[in-house]
Amino acid sequence: MNPNIIDEAARLRKALHYHNHRYYVLDDPEISDAEYDRLMQALLKLEAEHPELDSPDSPTRRVGAPPLARFDTARHAMPMLSLDNGFEDEDILEFDRRVRKLADTGETVLYTAEVKIDGTAVELVYEDGRLVMATTRGDGETGEVITENIRTVRAVPLVLRAAPGREVPAVLDVRGEIFLGHKGFQKLNRQRLSENQPPFANPRNAAAGSLRQLDSRITASRPLEIFCYGVGRTSATHLTSHWEMLCELKYLGFKINPLTRHRIPIEEVLSFYRHLEEMRQTLPYDIDGMVVKVDSLPLQAELGMKSRSPRWAIAYKFKAVQETTRILQIDVQVGRTGALTPVAILEPVNVGGVTVSRATLHNEDDIAQKDIRIGDTVFVERAGDVIPRVVKAVVSKRTGEEKSFKMPDLCPVCGSTTVREMNEESGKLGAVTRCVNSSCPAQVKENIKHFAAKGAFDIDGLGDRLVEQLVDRGLIVSSADLFRLEQGELSALERMGEKSAENLVTAIENSKEIPFGRFLFALGIRHVGEGVADLLAKAFQHLDTLMDAERDRLLAVEGIGEIIAESIEHFFAQPRNREMVHRILDSGVHIIYPAPKSAAPLEGKTFVLTGTLSAMSRSEAKKKIQDQGGKVAGSVSAKTDFVVVGDAPGSKLEKAKALGVRVVGEEEFLRLLGK
């Protein structure tokens, strides 16, 4: 190919990347729209005449690519964790106290506070400075691959710019929030109405739907924006603070929210929250709070993670949006554990951009305490993703026609007796009413939905309506029956057809290989969520060992308390549950067990670190302990095996002496590590 053509294509691409960044990231264009269009048309013409010039990072890819048949999935190199939430100042102050306690410091900890955009989280994967993949957050471990759609978002750099004096990182995973601004959202809805299409309910749903278009040309037609807020993997090891990392991202070409406050004490964090509350309605995009992060990256590493969230960050949510409406009736739903939940059926009302027609009432005691009646005018509240709830009744608007509610004595689904279990600790009736019939169709349906959901067997195509059909027609009576479904009986169901039935049978077959933790979560054991299931999988290594485990063995697992241990023991003591497990395994399900752990020198030993070590940082010491099978706790207790003391130790040393816990200096600690 003529070198002049190659050079001209490179020149046009470089110019367009530069002007994209000026316009969409910096909001400071240097050329007119007409001049930009001329550059783009010149490149489009050149690439059309010379297809061999095609490149995935060309600015012309912003207009979209041919439609996909489906989305692939990819595992995040580092999990995209969710955040703990705070709703009051005291929640944030308590977070600060926990951070300082775990860090064993009486000094002020500095934080970075960021605006919490009400959008959709994504991860952008760069290799040698080029965008190679983009994914949704998904379940935090695995997301859908949406690379072609993300290429159409103008503020996302396809090629990174080098920060001053440095090369671009060889590997960089950037996390950000995709959203639609108010103007873009209004323009999009006006366009949809002009095309006789229904408008979107709110910007967040519109942004999420835009990212999940199989035809990226549709995504390209929507004015999506992004703010980036963090990284996963990175080969850039010179950064020491979260704020430095955000500045680095800005240099590389990413858009960072300009309202971010950096390196501030907790008192200023609270002041910033109130400032955001006041200016919230004036912003050109929706926010639902702010995110508070420990600024020091070494301290973040030292604080570490819980099973589903980091210990070094918290979301401070805005107060919930409230509206008034009327309760038309109160229905009772039956969950997978038999719990009966009253649900208020409401006159539809718009709450924070979402039409709400149902709201939870929690339980009978909650209804009685709030004196809520059928027919009442009530305040309904919704905060972010939280299920709408009825806050209180407007008693002054009662007409005398309102009716009190009583939880039914019989299950509304199967007619079996309902009971309120005793709370063993208080000796009083518990708050939850349950259906005692474990074969209740409602419980069976909910258990099967749970079994097939993401995070469990993840059976694509097995939606709620299909599960209800299968149970109502007697085709399945437990989760184990899913694996004997045949294409012929499925194709006879409503809205199925031969192809849908074939796809479902294939999805069920593909689900048969499953990690141990997800298998345990799928069983639906009370109090065993995804995090607890992972703990059990790592601790027991095999299903048979767990099924026969006694209470003391369960309680020996860190993170497993009396209530969870009792629930696990009770579940596997039931013959019908054991039979279901064996039927699942007999159907060809293969459990992927964790790799056997070799005996480690510090296996089962708990360490607490205090003071400054000379040979290594505290985060390095923590990693070395964990690499050899030990655990690092943030506070001293009777279960602590060693307290490692460096220079200027804190109060943990005195507590260790008081409890008789073994105290070791740095030299002895290195010997324990085998140094």
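**Reading a predicted model: two helices, a loop residue and a covered helix**

In this predicted model, helix α3 (residues 89-102) and helix α9 (residues 266-279) have axes that come within 10 Å and cross at roughly 150 degrees.

User: Why are α3 and α9 called roughly antiparallel?
Analyst: Happy to walk through that. Their axes cross at roughly 150 degrees, and angles over 145 count as roughly antiparallel. Therefore α3 and α9 are roughly antiparallel to each other. The crossing of α3 and α9 is also right-handed.

User: Which residues of α3 and α9 meet?
Analyst: On the α3 side they are D89, I92, L93 and D96, and on the α9 side I266, V269, L270 and R274. In this contact, five residues are nonpolar, three are charged and none is polar.

User: How do you know whether Q628 is buried or exposed?
Analyst: Compare its value with the cut-off: buried means under 20% relative accessible area. Q628 has 18% relative accessibility, so Q628 counts as buried.

User: Where is Q628 found, and what does Q628 touch?
Analyst: Q628 lies in the loop between α22 (618-627) and β22 (631-632). Leaving aside residues up to four places away in sequence, Q628 touches A600, P601, L602, E603, L672 and L673.

User: What covers the buried residues of α13?
Analyst: The cover includes α12 (441-452), α14 (487-491) and α15 (497-510). The buried residues of helix α13 (residues 464-472) are L466, V467, Q469, L470 and V471.

User: Which residue with a positive phi follows α13?
Analyst: That is G474, with a phi near 75 degrees.

How values were computed
Residues are numbered from 1 along each chain as its sequence is written. This is a predicted model: local features need pLDDT of at least 70, side-chain atom pairs count only at pLDDT 80 or more; totals for chains, interfaces and linings use all residues. Side-chain values use heavy atoms; hydrogens and water are left out. Helices (H or I, at least four residues) and strands (E, at least two) are DSSP runs, numbered from the N terminus. Buried means under 20% relative accessible area, exposed over 50%, partly exposed in between (1.4 Å probe, protein chains only). Contact means heavy atoms within 4.5 Å. Axes are lines fitted to C-alpha atoms, for helices over the stretch in contact, and angles run from 0 to 180 degrees between N-to-C directions. Angles under 35 degrees count as roughly parallel, over 145 as roughly antiparallel, 65 to 115 as roughly perpendicular and the rest as oblique. A crossing is left-handed if the near helix is turned anticlockwise from the far one by less than a right angle, and right-handed if clockwise. Ala, Val, Leu, Ile, Met, Phe, Trp, Tyr, Cys and Pro count as nonpolar, Asp, Glu, Lys and Arg as charged, and the others, Gly among them, as polar.
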